[in-house]
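Work through the exercises below with the sequence and the model side by side. Each task is followed by a solution that goes step by step.

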Amino acid sequence: MSLCRYGLVLLVLAWTLVICTAGHARYINTASLFELGASARALGMGGAFIAVADDAGAVFYNPAQLPEVDRATLSSLFTRPYGVYSYGALSAVRRGWGAQLLVLDAGPLEERDLYGNPQGTFRYSEVGLVLAGGVRAGVGVSLGLQALLYARALPGPGHGASLSPALSVREGPRTYALLWRNALSTDLRFSGGGREPWTADLAVGFSWRSGFTVYAVDFTEQLFTRGDVSSVRVGIESARFRPLVLRAGTHREGSSLGVSVRWRG
């Protein structure tokens, strides 16, 4: 199948999913743990990683890319921004499947009433588990499925789960990818009786490899339904200066720079 036909199929599928999800309200829910990112490489590229993920980051960003992982990998990430909260990720991946554990802990945080008066402190703690698998469905075409399991420990117990299907189409140096985040889900349920829906969203990515450089662009369904330009992410990665690998990315909320050192083997 030619590149034009691949692109047309992907575009039709994307718009079909947009029509199916456009009528639902969009907001960041309690399980925004899954919005923080889970790969230093991806964060260095501004989060534009859906069509790039060929390492442990595929578990989180696009399970359809898992067949491209060429070796078993164990990776981790830890950050404590501004000393406000701690966030960590631990991933284990082999070709075709992988798992990732996410942990977020914040506190003690000061609690105030409607008038700004201190009322004590509280702690917030939650855990996410990502399970993902991918298979090749043809020449240059891969399918993937991602399961998100969520659990909150503090200030009160809560839980929920969702499934996200994915598609990746590769032809030569170009890759097109699609992830329908939280396409199927249970409500998030909490001990006090509260319930929240997951935020369903369509994410589409494109990447192009040229020599030692990778260019990537990601955008989500919210760009179509709400004109939210913050959903557009652009990134670049260059290994031209090996052993250094340089990265840069940008989106409406800010820009990023990254550098890593790569050794043979």
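**Exercise 1: a salt bridge and its two ends**

Asp54 is partly exposed, because its relative accessible area is 26%, where buried means under 20% relative accessible area, exposed over 50%, and partly exposed in between (1.4 Å probe, protein chains only). The model is predicted, so local features need pLDDT of at least 70 and side-chain atom pairs count only at pLDDT 80 or more, while totals for chains, interfaces and linings use all residues. Residues are numbered from 1 along each chain as its sequence is written, and side-chain values use heavy atoms, with hydrogens and water left out.

Task: find the salt-bridge partner of Asp54 and state where the two residues lie.

Solution. Asp54 forms a salt bridge with Arg41, with the closest N and O atoms 2.8 Å apart; a salt bridge is a side-chain nitrogen of Lys or Arg within 4 Å of a carboxyl oxygen of Asp or Glu. The pair links distant parts of the chain, since Asp54 is in the loop between α2 (40–44) and α3 while Arg41 is in helix α2, 13 residues apart. Helices (H or I, at least four residues) and strands (E, at least two) are DSSP runs, numbered from the N terminus. Arg41 counts as buried, because its relative accessibility is 13%.

**Exercise 2: the surroundings of Glu237**

Task: decide whether Glu237 is buried or exposed, and list what its side chain pairs with.

Solution. Begin with the position: Glu237 lies in strand β13, residues 233–238. With a relative accessible area of 5%, Glu237 is buried. Next, look for charged partners: Glu237 forms a salt bridge with Arg41, the closest N and O atoms being 2.9 Å apart. Glu237 lies in strand β13 and Arg41 in helix α2, so this pair ties together parts that are 196 residues apart in sequence. A polar contact of 2.6 Å also joins the side chains of Glu237 and Arg247; such a contact is a pair of N or O atoms within 3.5 Å, and within protein one must be able to donate a hydrogen and the other to accept it, with residues adjacent in sequence counting only if both atoms are side-chain atoms. Finally, with neighbours within four places in sequence left aside, the residues in contact with Glu237 (heavy atoms within 4.5 Å) include Met45, Phe212, Thr213 and Leu246.

**Exercise 3: a second pair**

Task: which strands hold Arg181 and Asp201, and how do their side chains meet?

Solution. The side chains of Arg181 and Asp201 meet in a salt bridge of 3.6 Å, N to O. Arg181 sits in strand β7 (residues 174–181) and Asp201 in strand β11, 20 residues apart, and the pair links distant parts of the chain. Arg181 is partly exposed at 25% relative accessible area, whereas Asp201 is buried at 8%. Shared partners elsewhere join Arg41, Asp54, Asp55, Arg209, Glu237 and Arg247 into one network of salt bridges.

**Exercise 4: the nonpolar core**

Task: which residues of the largest nonpolar core touch the most other members, and which element gives the largest share?

Solution. A nonpolar core is a set of buried Ala, Val, Leu, Ile, Met, Phe, Trp, Tyr and Cys residues joined through side-chain atoms within 4.5 Å. Of the 34 residues in the largest one, Phe34, Leu102 and Tyr150 touch the most other members. The largest share of this core, four residues, comes from α3. Apart from it lies another core of eight residues, among them Leu167, Val169, Leu178 and Val204.
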